[in-house]
Amino acid sequence: MITLNINKKTYNVEVDPDTPLLWVLRDTLGLVGTKYGCGVAQCGACVVHLNGEAVFSCVTKVSRAAGQKVVTIEGLSVKNDHPLQKAWMELDVPQCGYCQSGQIMSAAVLLKENKNPTDEDIDAAMAGNLCRCGTYLRIRNAIHLAAEIQRKGGKNQ
Amino acid sequence: MKKQTDRYSLHTKTIAVFVTITSVIVFMSFGLKNEVTTSSTKNENIIKDSLVSVKAFMEVYKVLMSPRCMNCHPSGDVPLQGDDGQLHISLPKRGKDGKGMYAMKCSNCHQATNLEGLNKPPGHPDWHLPPANMKMVFQGKTPNQLAKQLVNPKTNGNKTLQQLIEHADDGLVKAGWNPGEGRTVPPMSHEDFKKAWITWIKNGAYAPRSK
């Protein structure tokens, strides 16, 4: 039995400790906001937060998350009002949307550690998140906008 | 007259002593022409043998310049990957402490152990590059440059010679010999590398001559 703290809720799951966290989130717990893209930590679709750090859940064993604080896209904010979510909606960032959970989760770590990121900082932070639809320009603009919203008082959990 | 004679005699003796000392220095420098002592070996239980030391270092050099070591000692701020020195996929950056930046920290993908399967990230609990203020670059270094860098505490992570010896058994160093599926190991066993490493250091940690 593995106890997980996900989005401030406690779950007890009976899974193999080597199961990737991604599959526990999606298949066992039904939290399908986090996506499977490659399974080898090369696309970023699966990014979630583990104790505030972005991890690629497709290669993170659930045992690593036992007793730790996990946040998925569903738990980034209570009312979908995280500065990044606001900016994403304002600038109409997604096309197909598949990569966007991972994009937002990676960007959230950037904005937590850097309140005023430059384009170079965004490159460094977001390089692990691929978008086959090519929404990179809008992602970059949305991160800048989210930083501005955050500086003006929007909350970044 | 006697005083003048005494003065000349003293002058002659001084010249003779000076010439003798100079000759000794010249002869000694010929003996050290091909090797350079790279370390202060006081109190280190070191017996100097430059030929043995340099020969051992050339074995060490083969390992340190192999992909499993050099990939994490790049000349730039992006680690290398694979066996052909390509830049690491997704271009993670070194960061201030060598552990990556923002959502691209090393441990975000590299777990505590290797993951099974081709192309999955290899693992170690402390996956990192050298920090930005002491990059400990291997890539592009000649044997002479690398040897000097390795024994200088200002460029080797503040290590004494004894700590350098112990570094051969560092967990992340040894991980190079357990790199995960699809990756080659260094060109000799860890045991042989360690033997060469210690031989190099304990015989004076000499650097091969610059070419």
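Two residues are in contact if their C-beta atoms, placed from the backbone, lie within 7 Å. With that meaning in hand, the tour may begin; please note that the structure is a predicted model.

**Stop 1: the two chains together**

Display both chains and look at where they meet. Here 16 residues of chain B are in contact with 20 residues of chain A. Colour the chain B side of this meeting by residue class: 9 residues are nonpolar, 4 are polar and 3 are charged.

**Stop 2: chain B as a whole**

Next, select chain B alone and show it as a cartoon. Chain B contains 7 helices and 6 strands. Traced from the N terminus, the order of its elements is α-β-α-α-β-β-β-β-α-α-α-α-β. Chain B has 211 residues, of which 29% count as buried. Among the contacts in chain B with a separation of 6 or more, 61% are between residues 24 or more positions apart.

**Stop 3: Met104(B)**

Now select Met104(B), which belongs to strand β5 of chain B, residues 104-105. Is Met104(B) buried or exposed? A residue is buried if 20 or more other C-beta atoms lie within 10 Å of its own. Met104(B) has 26 other C-beta atoms within 10 Å and is therefore buried.

Which residues does Met104(B) touch, leaving aside its neighbours within four places in sequence? In chain A, Met104(B) is in contact with Ala124(A), Ala125(A), Ala127(A) and Gly128(A). In its own chain, Met104(B) is in contact with Ser90(B), Pro92(B) and Lys93(B). To examine one of these pairs, select Lys93(B): Met104(B) lies 11 residues from Lys93(B) in sequence and 7.6 Å from it in space, C-alpha to C-alpha.

**Stop 4: helix α5 of chain A**

Cross to chain A and select helix α5, residues 119-126, in which Ile122(A), Ala124(A), Ala125(A) and Met126(A) are buried. The cover over these buried residues includes α4 (100-113) and α6 of chain A, and also β4 (100-101) and β5 of chain B.

**Stop 5: helix α3 of chain A and its partners**

Select helix α3 of chain A, residues 83-90, together with helix α6 of chain A, residues 136-151. The two helices pack at an angle of about 130 degrees, and their axes are 8 Å apart. This angle makes α3(A) oblique to α6(A). The crossing of α3(A) with α6(A) is right-handed. On the α3(A) side, the contact is made by Pro83(A), Leu84(A), Lys86(A), Ala87(A), Trp88(A) and Glu90(A); on the α6(A) side, by Ala142(A), Leu145(A), Ala146(A), Ile149(A) and Gln150(A). By class, the residues of this contact are 8 nonpolar, 1 polar and 2 charged.

Keep α3(A) selected and add α4(A). These helices pack at an angle of about 125 degrees, with axes 10 Å apart, and they are therefore oblique to each other. α3(A) passes α4(A) in a right-handed crossing. The residues to display are Pro83(A), Leu84(A), Gln85(A) and Trp88(A) of α3(A), with Ile104(A), Ala107(A), Ala108(A) and Leu111(A) of α4(A). This contact has 7 nonpolar residues, 1 polar residue and no charged residues.

**Stop 6: the domains of chain A**

Finally, colour chain A by domain: domain 1 covers 2-73 and domain 2 covers 83-151. Their C-alpha centres lie 21 Å apart. Where the domains touch, domain 1 of chain A supplies 13 residues and domain 2 of chain A supplies 11 residues. On the domain 1 side, β3 (47-50) and β4 (53-56) of chain A each provide at least two residues. β3(A) gives the largest share of that side, 3 residues.

Definitions and conventions. Residues numbered from 1 in each chain as written. Chains lettered and ligands numbered in written order. Predicted model: local features only at pLDDT ≥ 70, side-chain atom pairs only at ≥ 80, totals over all residues. Helix = DSSP H or I, 4+ residues; strand = E, 2+ residues; numbered from the N terminus. Buried ≥ 20, exposed ≤ 12 C-beta atoms within 10 Å, placed from the backbone. Nonpolar A, V, L, I, M, F, W, Y, C, P; charged D, E, K, R; others polar. Axes fitted to C-alpha atoms, helices over the stretch in contact; angles between N-to-C directions. Parallel < 35°, antiparallel > 145°, perpendicular 65-115°, else oblique. Left-handed = near helix turned anticlockwise from the far one by under 90°. Domains from an automatic or database assignment.
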